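Me: I would like to go through this model with you. Could we take the sheets before anything else?

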Amino acid sequence: MSTSVPVVDRGAKPSGGNPRFFRRLLRRPVAIVCCAYLAVLVGVAIVAPIAMPSVNSQNAGDLFGANQLPSWSHLLGTDTLGRDVLSRLLVGDRVTLVGVVEALVVVLVLAVPLGLAAGYLGGWTDRVVTWLADLTFSLPAVVIIIVVLSVFPTSMLAGMATFGVIAAPGLMRVVRSATLPIREELYIKAAEASGLSRTYILTRHILPRIAGVVIVQASLLAAVALGVQTGLAFLKLLVADPAPSWGGMVADGTSVLLLHPWLIIPPGATIAVTMLALSLLGDAVRDAAVESWSAPVRTKRAAAKAAPASAGTTPPAGALLTVQHLSVSFPGREQDVRVVEDVSFDVAAGEIVGIVGESGCGKSVTAAAIVGLLPGSGRIDGGSIWFGGKDLARASEAELRKVRGRTIAFVSQEPMVSLDPAYRVGFQIEEALRRHRGLSRAAARDRALELLRDMHFVDPGAVARRYPHELSGGMAQRVAIARALAGEPELLIADEPTTALDVTVQAEILELIRELQMTRQMAVLVVTHDWGVVADLCDRVVVMYAGQIVERSDVQSIFDTPLHPYTEGLLASNPHLEPEAATLPMIPGTVPPPGSWPAGCRFSARCRYAVAACAELEVAIEAPYQGHETRCIRYGQLIKA
Amino acid sequence: MVRQVAATPPVAPRRSDRTAWVPDRAVLVRNPVLRVVVRRCVMAVPLLFVVSALTFVLVSLTPGNAAEEILGTSATPAEYAALNRALGLDLPLYEQYWNWLRHALTGNLGQSIFTGQPVTQAIGQRLPVTLSLLVGALVVSVVIGVGLGVFSALRGGAVGRAADALALVGFSLPAFWVGAELIVIFAVWRHWFPATGYVSISDSPVGWLHSLVLPVAALSLYGIASTAKQTREAMLDVLASEHIRMAWANGISPRSIVFRHALRNASMRVVTVLGLLAVGLLGGTVLVENVFALPGLGSLMVTAATQHDIPVVAGMAVYFTVIVVAINLVVDLAYVWLNPRVRVR
């Protein structure tokens with residue numbers, strides 16, 4: 001293992017405020033339209049009161065031409081005092097915007113430093129700031145603003161600044177919780193260790209990281225401030241007559257609502273459009289900052305799954321599960337990216353098969369594809385998955401639902417988050433039992449306790465009453481297995497079932513899986529990167545590299561004579577097998593990411609046996625021995641070595 | 001009016017966040033419900049103190065005073081002084097406040113300087129109006145908003161976008177303007193509902209409902225929009241989480257996944273922002289009462305503040321604070337009920 005881990009200062013990784021971010025933002029038409037509209041508003045706010053200086057003090061216009069509907073001489077009509085609505089709207093723009101800006105400035109000046117301090121310094125600072133924020137949240141904001149405005153009649157600054165003070169804790173909390181995780185990051189620790197001042201770290205390293213969040217919140221807050229400003233102006237508390245304001249114009253219109261309903265439309269629509277622009281802009285900024293990743297919409301899965309299958313249409317005999325030429329793709333920026341290609345293997349009834357490989361080889365994706373639960377918008381775009389006489393790769397969502405939990409069950413690598421935190425674990429097992437076995441509530445309860453006892457819980461009743469957060473990792477994994485077994489499946493897929501657990505607990509879980517497989521004659525497909533798990537558990541192994549299978553064999557012969565240099569490398573770097581070795585040999589380099597797989601043998605760049613021929617042609621899978629196959633043209637070298 | 005920052009993406013409801021300030025964690029009230037109640041009540045005391053004191057200070061700073069408002073500008077200085085003495089306004093501010101506080105502790109909030117009506121009575125008359133409006137708008141916001149949010153989270157594509165657009169529009173329309181438009185459409189053009197006024201529930205329950213439909217609709221639009229948005233985002237987050245994936249993988253029924261596992265977890269986040277929403281809606285009632293000429297607290301507030309009627313303003317501050325504290329208490333209790341992680345066993 002390398003002796004020193006270089007502390008890389010990843011530097012400020014700004015999510016907002018840098019040119020790339022703005023370019024990304026400006027690729028969104030919505031953002032451009034909103035920015036353009038707001039720019040026009042700002043322009044009008046500057047120019048209109050200068051160009052039409054009389055409007056602010058105009059008490060009455062042409063009284064004989066009052067209450068006119070729009071015409072060429074008055075594009076938006078005239079109000080009850082005969083004043084031109086359009087010019088009042090334009091001049092009123094300034095007070096509205098000034099009010100919003102005043103509130104925003106107050107909010108930002110208060111919230112950002114306090115939130116940063118609370119999140120970064122923690123301790124008492126955090127306590128005090130959070131307590132003050134909580135207190136402010138309990139204030140009746142209306143009362144306070146109205147009282148303040150009764151002291152400073154029609155003082156916009158007083159009203160909007162008060163609103164700013166009251167609104168600040170909201171943003172402060174957001175800043176605080178955005179800062180908390182950053183504080184724990186390595187590069188911040190490194191910066192602290194190298195003696196940089198706190199102020200420097202806060203302004204140079206943390207602030208840029210949270211800038212995106214702040215910008216999003218600021219634009220949403222601007223919308224809220226606009227609502228407050230127009231609302232107070234509507235109550236005539238903010239702007240003294242006869243000066244126009246949007247809210248005040250709505251109020252004027254409301255007083256003659258029954259006679260002249262048109263008058264509230266122009267100011268109301270202007271307020272609405274401005275609010276819309278601000279909130280849309282906020283959304284666009286957020287999307288640009290997080291690079292729109294949207295959660296998969298489950299109901300769409302059925303449609304996305306209609307995959308062109310290239311394999312045969314008859315189920316092969318013999319095995320319980322037969323995966324043939326399976327390929328999986330994810331939509332990429334320009335084109336789909338393959339992450340699993342032409343994967344074939346089978347699992348016999350009652351057999352334990354392992355899928356081994358480094359991270360990013362496509363093992364977990366292969367496992368997820370079997371039950372039709374690919375993450376994000378991944379889809380199967382070739383091959384077949386035969387199980388119980390059906391091709392799951394082409395099965396509808398409804399057909400898959402009959403398989404999941406009932407004949408194929410799934411256990412994941414994160415036991416602590418694989419159970420619903422809001423329900424008692426007993427209930428979650430009962431739910432599966434009632435669904436899959438049609439048991440009554442009482443029968444399900446008894447059966448759940450039995451299952452928990454099978455998982456070697458001494459007091460199943462007590463465990464069943466617990467919530468997931470009250471379990472340790474190992475306990476949670478055993479509960480997850482109990483739920484998976486509720487439907488008495490023929491196949492259990494275990495995706496890295498021990499990776500997140502302590503070493504001592506790992507052995508327990510492996511022992512449990514082996515025991516369950518023996519007593520229930522259940523087949524297990526276990527995904528792992530740990531050769532210890534393979535040695536403990538598996539009958540046969542499939543080794544995957546860069547989306548392909550590179551070797552397939554029974555366990556004994558793969559440990560004795562690996563026939564692929566990748567397998568050999570993995571085995572050599574396995575700590576379980578070389579307990580005394582001072583330094584473990586490592587395979588140089590990393591797995592090439594999907595989409596940049598080299599031509600020819602995908603491992604050739606990292607392979608010490610590679611020759612020129614390796615990188616030229618796609619390598620086919622060969623079977624030098626009965627039941628032991630490899631995707632390597634130089635496997636002869638390995639046998640000799 | 002005061003659209004609180006309900007638009008902020010929900011601050012992850014972490015346990016540490018919600019209990020961090022509690023100074024007496026070691027003193028431990030172990031029952032979580034009791035703990036929440038105690039915490040909110042303990043907090044209410046300094047709040048009421050601060051808010052009422054602040055009100056006194058602010059109102060006393062106001063140029064002009066109540067005597068001038070009552071007597072007009074034509075009275076002699078002696079008359080002003082006499083009235084000020086009679087009202088206790090000649091005393092130093094802290095003494096005025098102390099007198100008020102002494103009486104307030106016995107439940108007597110004083111009398112309006114203008115009408116002589118006891119403040120508790122004046123507020124008591126108007127409280128039902130504001131509460132009807134507030135509770136009505138909250139119920140409508142939650143029922144429709146959560147429904148819309150769940151629907152839009154489940155249906156991506158055009159339907160989801162339509163629901164989002166609806167939420168966005170609701171978010172952008174100011175309540176006072178919507179109220180005015182509703183009057184034009186449903187009271188003036190079609191005579192379906194009364195344009196203004198309030199009917200007490202004890203006079204006629206039907207009339208009461210009838211008089212509330214338009215104001216509640218105007219007030220709820222924003223609530224629906226923000227609840228829908230929060231629900232949608234929370235649902236999408238939860239639906240993408242590992243425990244939901246594992247529920248699918250183990251064949252739990254779709255209905256249970258959406259309405260039991262996803263909605264329950266999403267509702268924790270929605271509930272935390274409901275408190276902010278309720279406070280925002282409380283502000284909105286001032287505007288909506290103004291539009292529909294409803295005799296609620298909002299109109300009393302605006303008049304009292306402009307007339308420097310200190311007892312009424314201070315009494316209002318007390319009532320509004322109690323309402324906000326009560327809202328937060330209910331929200332906290334709902335959160336405890338929903339989230340087993342804050343419950344101590």
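Reply: Certainly. In this predicted model, helix α12 (residues 363-370) of chain A lies across β1 (321-330), β2 and β4 of chain A and runs at about 65° to β2(A). Helices (H or I, at least four residues) and strands (E, at least two) are DSSP runs, numbered from the N terminus. Angles run from 0 to 180 degrees between N-to-C directions, and axes are lines fitted to C-alpha atoms, for helices over the stretch in contact.

Me: How are the residues and chains labelled, and which cut-offs apply?

Reply: Residues are numbered from 1 along each chain as its sequence is written, while chains are lettered from A and ligands numbered from 1 in the order in which they are written. As the model is predicted, local features need pLDDT of at least 70 and side-chain atom pairs count only at pLDDT 80 or more, whereas totals for chains, interfaces and linings use all residues.

Me: In what order do the strands of the 4-stranded open sheet run?

Reply: The order is β2-β1-β4-β5 (chain A), with antiparallel pairing. Two strands pair if DSSP finds at least two bridges between them. At the edges stand β2 (337-347) and β5 (390-391) of chain A; each has a single partner strand, so one side of each is left without a neighbour in the sheet.

Me: How many bridges join β4 to β5 in chain A?

Reply: Strand β4 (residues 379-387) of chain A is joined to β5(A) by 2 bridges, and the two run antiparallel. Trp386(A) stands opposite Asp391(A) in β5(A).

Me: And what is the strand order in the open sheet of 8 strands?

Reply: That sheet, in chain A, follows β6-β7-β8-β3-β9-β10-β12-β11, and its pairing is mixed. Its edge strands, β6 (408-411) and β11 (622-625) of chain A, each pair on one side only. From one strand to the next, the twist averages 20°.

Me: What packs on it, touching β6 and β7 of chain A?

Reply: Helix α17 (residues 473-484) of chain A does, and its direction makes about 170° with that of β6(A). Strand β7 (residues 491-495) of chain A pairs with strand β8 (residues 523-528) of chain A in the parallel sense over 5 bridges. Within β8(A), Ala523(A) is the residue opposite Leu491(A).

Me: What do β11 and β12 of chain A form?

Reply: They form a hairpin with 2 residues between them, and Gly627(A) in the turn has a positive phi of about 75°. The antiparallel pair, β11(A) and strand β12 (residues 628-630) of chain A, is joined by 2 bridges, and Tyr625(A) has His628(A) as its bridge partner.

Me: Changing topic: how many residues of each chain are in contact?

Reply: The contact involves 80 residues of chain A and 72 residues of chain B; two residues count if their C-beta atoms, placed from the backbone, lie within 7 Å. Helix α8 (residues 198-234) gives the most to chain A's side, with 11 residues. That side divides into 47 nonpolar, 19 polar and 14 charged residues. Ala, Val, Leu, Ile, Met, Phe, Trp, Tyr, Cys and Pro count as nonpolar, Asp, Glu, Lys and Arg as charged, and the others, Gly among them, as polar.

Me: At what angle do α6 and α9 of chain B cross?

Reply: The axes of helix α6 (residues 119-154) of chain B and helix α9 (residues 205-239) of chain B cross at roughly 35° and come within 5 Å. The contact of α6(B) with α9(B) has 19 nonpolar, 11 polar and 2 charged residues.

Me: Last topic, confidence. What is the mean pLDDT of each chain?

Reply: Chain A has a mean pLDDT (the predictor's confidence in each residue, from 0 to 100) of 82, with 91% of its residues at 70 or more. Chain B averages 80, and 87% of the residues score at least 70. The model scores ipTM 0.79 and pTM 0.79.

Me: Where does pLDDT stay under 50?

Reply: Such stretches include residues 1-17 of chain A, residues 291-311 of chain A and residues 1-27 of chain B. Where pLDDT is low, the predicted coordinates should not be read in detail.
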